[in-house]
There are 2 protein chains.
Amino acid sequence: MVLAQAAVEQKARNPAAIRKAVTELTAAFGNRVVTSQAVREQHGNTVTWIANQPPDAVVYPQSTEDVQQIVRICAANGVAIIPFGVGTSLEGHVNAPVGGVSVDFRDMNRILAVHAEDLDCVIEPGITRKALNEQLRDSGLFFPIDPGADASLGGMAATRCSGTNAVRYGTMKDNVIALKVVLSSGEVIDTARRAKKTSAGYDLTRLMVGSEGTLGIITRLTLKLSGIPEAISGGTCPFPSVEACCNTTIHTIQSGIPVARIELLDALQVRACNLHSNLGLPETPMLFLEFHGTDASVAEQSKRFGEIAAEFGGGPFTWTTRLEERTRLWEARHHAALSNFALRPGAAMVATDVCVPISRLAECVTETQRDIEASRLLAPIVGHVGDGNFHLTLLIDMDDSDEVKRAEALSERLVERALAMDGTCTGEHGVGQGKMKYLTAEYGPAALDVMVSIKRALDPHNIMNPGKIVAVS
Amino acid sequence: MVLAQAAVEQKARNPAAIRKAVTELTAAFGNRVVTSQAVREQHGNTVTWIANQPPDAVVYPQSTEDVQQIVRICAANGVAIIPFGVGTSLEGHVNAPVGGVSVDFRDMNRILAVHAEDLDCVIEPGITRKALNEQLRDSGLFFPIDPGADASLGGMAATRCSGTNAVRYGTMKDNVIALKVVLSSGEVIDTARRAKKTSAGYDLTRLMVGSEGTLGIITRLTLKLSGIPEAISGGTCPFPSVEACCNTTIHTIQSGIPVARIELLDALQVRACNLHSNLGLPETPMLFLEFHGTDASVAEQSKRFGEIAAEFGGGPFTWTTRLEERTRLWEARHHAALSNFALRPGAAMVATDVCVPISRLAECVTETQRDIEASRLLAPIVGHVGDGNFHLTLLIDMDDSDEVKRAEALSERLVERALAMDGTCTGEHGVGQGKMKYLTAEYGPAALDVMVSIKRALDPHNIMNPGKIVAVS
């Protein structure tokens, strides 16, 4: 079942060229080239309703030079190259619509340097966020960006992802200092020096972050790190309505409280978390919060937040600095999507990802809740509410074509609603194949033409992850 | 005297085409086109040692549509277009090396919307940072980026500038949400929606920020705003050495103190400030600091900073929350460059702008101080030390050609030193004409080729501020 269609198949599949490239790759890389069907299918999209489109081969580079050689072989044969981290992207980013070679960074997962004084580190793209933070722990530093999955850092940069900490720490665009990138020519560039800021020319770092492998392949990242806070407090706060949650969030941020996490769960999502994680929370709209600072400042932040919540009819805000309780809470939050299976065992799950100005969030969420009800669908809502970003988890019986159709239509209306409110079709998941059809509405044809002209300038033969973000013939 | 030479004159000046364009512009805009020599010279570079290269005409648009029409007329005649804010850029950004038309945003200086709940505003590019904050004051919000000059926001975005608050609030790249841009074709694009974050395709906003008018002309900005802090404390702390200043800074940031400003002045700069602003400070290396937060948190931050400073032999840290004293201090800091005239009346001043990883800062500054002494030059140092960015103010007798030569050589060595330390040739001033010659050393030829290919893709006829950032034939 393919609902979000790969918009345009952009170049013809060329079996002879692919065979030749795979032969050359095998000569160069031996058993680090794999062509078994199972492995190839694991390297297409596996996690969402977008159809699996496997590559023709998977290669496991061990160095930037390996990646350069792979790109040169593929370029010489006009064969597509699709970078692969751990395959948790949601919009078909790793699919191979015209075949080609998946470049799996499994073996490039080292931390190359930690510069504690500079609050940065240099890593290979295949390391995952949990492995990175595990290895950083002794330095007193951490990398704050936390998408739901234990994604690879290369993939996180490529999709410009974020997560629950973004309200305080920003997204990948704010936490990547420099990238090493292999271009479609096989040449390698460094997008920036390690200095914290620069005004030296075009911002190639930010151009590559979010480009989803369509302009080049990231082979090294210099990341900004943050100090592990001295003290952390976390808690939950029930509210009479989604509006009250949103208004409390707006006032919390406006009043300068540097909240680290502020997550909305609607009543249905709280119910799912109760069922899955046995939280015993009241089943009303709810904020999950976390504050970072010193003992004194997290106490102050928590107290002030509680006062603001009370003004909007929320509370009591129950919070703690105890590690086990906080961990239990945030594990439940990270399992929110998974916990939805408890609401409808056996259903397929599809995540949406709009983001609107925070002043429009309550309106957007409540209109969407009405739409869900009118569409006779089951779709709990979680939101990175400090950023105006929220996800529906559509729980669908994929064998019920009428229900699938209603879900598809709801998803379309959700994007239209967000765009009408000056929002975006994707806050953090990226475009991939699934969101291509919305970019003209979001940017207009002239801006999309600029994107196409950049794509053509950097990848004139359209071999870098073709069929993603922009359609290039 | 032209020390930093405009690297390559990139297209021939075409007097007939320029005359035709100016005639057409005059027909369209009447007395909003000015060609007097005085006005033209005011629109070339006037503030640094780079020679003044005036445009052939100055036009004052009142709308995006006006800018589109100007671009279409210039494009049809192959004539260069140079955007102009208030002309405070330091690297010849507003010069017209092949002539052309300066587009002065004097009449486009309105705030179009303030969205207090979203912490953003929509403005025209000609408004200056002081005027913006003046008009925002009643909203309880402010825009934190503060270059030395009272620059226009359009120019600040175009040069990716920053200032003393960047250590806490980031640079222009972190505080621009979206831009309206007129392209070289005359078409207009919006680079993003007003949502706080997005993963929808290439980051055109960050591509335009720092592109210095070479890819398009900014005609509207959506800016992120911050809440005016409840409490502010500020003060000064003397140190036995520049190293002690830098080590204190590193530990302050590492320990998670969210310092809002942390500025280094070397002993000579303190002396100049004493002379100019009558501060009565001890003439040793010094940090100027500011903390933002609540009463309790600024007191806590100030106390903890004082303890760290003492560990490195610094102190006493004297601080206050009183507005007059803080204003006196930061006015003195903002007048630091000006105050240097007190050290050498009649001298010309030239500002350098390297930025290095903070771990290398002490080494970079002290090596540079030795170099200044060996070069028999007078050059006080100020630094946005939390970012690793520092400026020498070279005080030069421009009639002494030997001294000018020594200053030029020192400036070259400073950039080489910064690059050798993984730094950048410009932390916040931009490339313009003056820093073009360093970009190959900073990025390497392949990355520079990427910049050139982007320039060609977006401005195929090289009419958008030609002769800046990258050389395009």
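Okay, helix 9 of chain B, residues 242–254. In this predicted model, helix 9 of chain B has 13 residues and reaches 18 Å from its first C-alpha to its last, close to the 18 Å expected at 1.5 Å a residue.

So where does that helix sit? Ten of the 13 residues of helix 9 of chain B are buried, so the rest of the structure largely encloses it. Among the buried ones you'll find Val242(B), Ala244(B), Cys245(B), Cys246(B) and Asn247(B). And what covers those buried residues? The cover includes two strands, 13 (261–265) and 14 (286–293), along with helix 11 (295–311) and helix 14 (361–374), again of chain B. Following helix 9 of chain B there's Gly256(B), with a positive phi, near 85°.

Now let's go to a loop. Ser162(B) lies in the loop between helix 5 (153–158) and helix 6 (166–169) of chain B. Is Ser162(B) buried or exposed? Ser162(B) has 30 other C-beta atoms within 10 Å, and 20 or more counts as buried, so buried it is. Leaving out residues up to four places away in sequence, Ser162(B) touches Ile145(B), Thr171(B), Met172(B) and Glu428(B), plus Lys197(A) from chain A. Also, the C-alpha atoms of Ser162(B) and His429(B) are 8.4 Å apart, with these positions 267 residues apart along the chain.

Last bit: the two chains. Turn chain B by 180°, with 0.0 Å of shift along the axis, and it superposes on chain A with an RMSD of 0.0 Å. That's the relation of a two-fold axis. The copies meet through the same surface, because 100% of the interface residues of chain B are also interface residues in chain A.

How values were computed:
Residues are numbered from 1 along each chain as its sequence is written. Chains are lettered from A and ligands numbered from 1 in the order in which they are written. This is a predicted model: local features need pLDDT of at least 70, side-chain atom pairs count only at pLDDT 80 or more; totals for chains, interfaces and linings use all residues. Helices (H or I, at least four residues) and strands (E, at least two) are DSSP runs, numbered from the N terminus. A residue is buried if 20 or more other C-beta atoms lie within 10 Å of its own, exposed if 12 or fewer, and partly exposed in between; C-beta atoms are placed from the backbone. Two residues are in contact if their C-beta atoms, placed from the backbone, lie within 7 Å. Copies are superposed by least squares on the C-alpha atoms of residues with pLDDT of at least 70 in both. The expected span of a helix is 1.5 Å times one less than its number of residues.
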